[in-house]
Amino acid sequence: MAKFHVIIPAAGSGSRMATALPKQYLPLIGRPILSWTLDTFLACERIASVHLVLNANDVHWQTNSRHHSKLSILHCGGGTRAETVLNALKSLDAEQADWVLVHDAARPGLTHTLLDSLLDELQDDAVGGLLAIPVADTLKRADSSQHVVSTESREGLWQAQTPQMFRYGILKDALTKSGGAPTDEAQAVEALGFKPKLVTGQLRNLKITFPQDLALAEAILAADQEGVRK
Ligand code: C5P
């Protein structure tokens, strides 16, 4: 049976957060964002292995370090997210038909239910897909001075999230041919002519990108904890 492997690229600088500490290490209700992200996968029995990919010169993991039989730490981050993921794929001990789930380090709101729905919906698929949410707001295109140039149709538009889940062989081929440019794995797979499946995600699975996102993630996870206590 095909196994599920997880790659968490965490070699970015997170420049849009404008903090000295890379965003995945910022504290979120008492522990680093990255720790929340890792826990969801480590606790899932269906996941065979989790690979955290750091920059070669990452000095922050040591102070946050944790051990788990399923967790491996790779120091092979690349210049782009696609390069980081490809470097990790090259060191993975996996079969062509195995699944690889790629998940952003700073996306701590993924639930077990969402993860299970992604695995359930795609496990019999030939290619794979990703969590995504239909665009709800009206879309404006702006000029360089932030004035509206046009209103764009939101018909058929979805916002891509992670995990993005593809067969190992297809993803490796796609990223090898991509030249390191795509901003997500699906884009590389699409360039091979495949049509990744969109599995409905949730807003709570947001990527922490700007400082205000941290407060939102904190409120969501604190409400979860409150719910557990009730
Ligand atoms: O910058 P952005 O938020 O789009 O990054 C998405 C994910 O890719 C983050 O987890 C980041 O650490 C990772 N990344 C990486 N290597 C890079 C750039 C980004 O692992 N060179």
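1. Start with threonine 80. One of its backbone N or O atoms lies 3.4 Å from a nitrogen atom of the ligand. Keep in mind that this is a predicted model.

2. Two further contacts involve oxygen atoms of the ligand. At alanine 10, a polar backbone atom is 3.4 Å from a ligand oxygen. At lysine 207, the side chain takes part instead: one of its polar atoms lies 2.9 Å from an oxygen of the ligand. Look at both places in the structure above.

3. How much of the ligand does the protein bury? On its own, the ligand exposes 470 Å². The protein buries 83% of that area.

4. Now take in the whole shell. The ligand is surrounded by 14 residues. Pro9, Ala11, Gly78, Thr84 and Lys207 are the closest. Sorted by class, the shell holds 5 charged, 5 polar and 4 nonpolar residues. Lys207 deserves a second look, since its side chain also makes the 2.9 Å approach to a ligand oxygen.

5. Which pocket does the ligand take up? The ligand occupies the space of the largest pocket. That pocket contains about 630 Å³ of space. Its lining is made of 28 residues. Nearest to the centre are Arg16, Lys23, Arg81, Asp104 and Lys207.

6. Next, the elements behind that lining. Helix α3 (81-90) and strand β10 (158-167) are the ones that give two or more residues to the largest pocket. Which of the elements gives the most? It is β10, with 4 residues.

7. The class count for the lining of the largest pocket is worth noting. There are 14 polar residues, along with 7 nonpolar and 7 charged ones.

8. Turn to the second largest pocket. Its volume is about 240 Å³. It is lined by 14 residues. Arg107, Gln159, Leu203, Leu206 and Lys207 are closest to its centre.

9. Which elements supply at least two residues each to the lining of this second pocket? They are β10 and α7 (211-229). By class, the lining of the second largest pocket splits into 6 nonpolar, 4 polar and 4 charged residues.

10. Finally, follow two names through the structure. Lys207 is among the residues closest to the ligand. Lys207 is also listed near the centre of the largest pocket, and again near the centre of the second largest pocket. Strand β10 gives residues to the lining of the largest pocket and to that of the second largest. Find Lys207 and β10 in the model, then trace each pocket from there.

How values were computed:
Residues numbered from 1 in each chain as written. Predicted model: local features only at pLDDT ≥ 70, side-chain atom pairs only at ≥ 80, totals over all residues. Heavy atoms only, no water. Near = heavy atom within 4 Å. Polar contact = N/O pair within 3.5 Å; in protein donor to acceptor, adjacent residues only side chain to side chain. Areas by Shrake-Rupley, 256 points an atom, 1.4 Å probe, with all protein chains shown as cover. 1 Å grid on protein atoms, 1.4 Å probe; cavity = no way out; pocket = protein on both sides within 12 Å on 5 of 7 lines; lining within 4 Å. Sits in = over half its atoms within 2 Å of the grid points. Nonpolar A, V, L, I, M, F, W, Y, C, P; charged D, E, K, R; others polar. Points joined across faces, edges and corners; volume = space filled by probe spheres on them.
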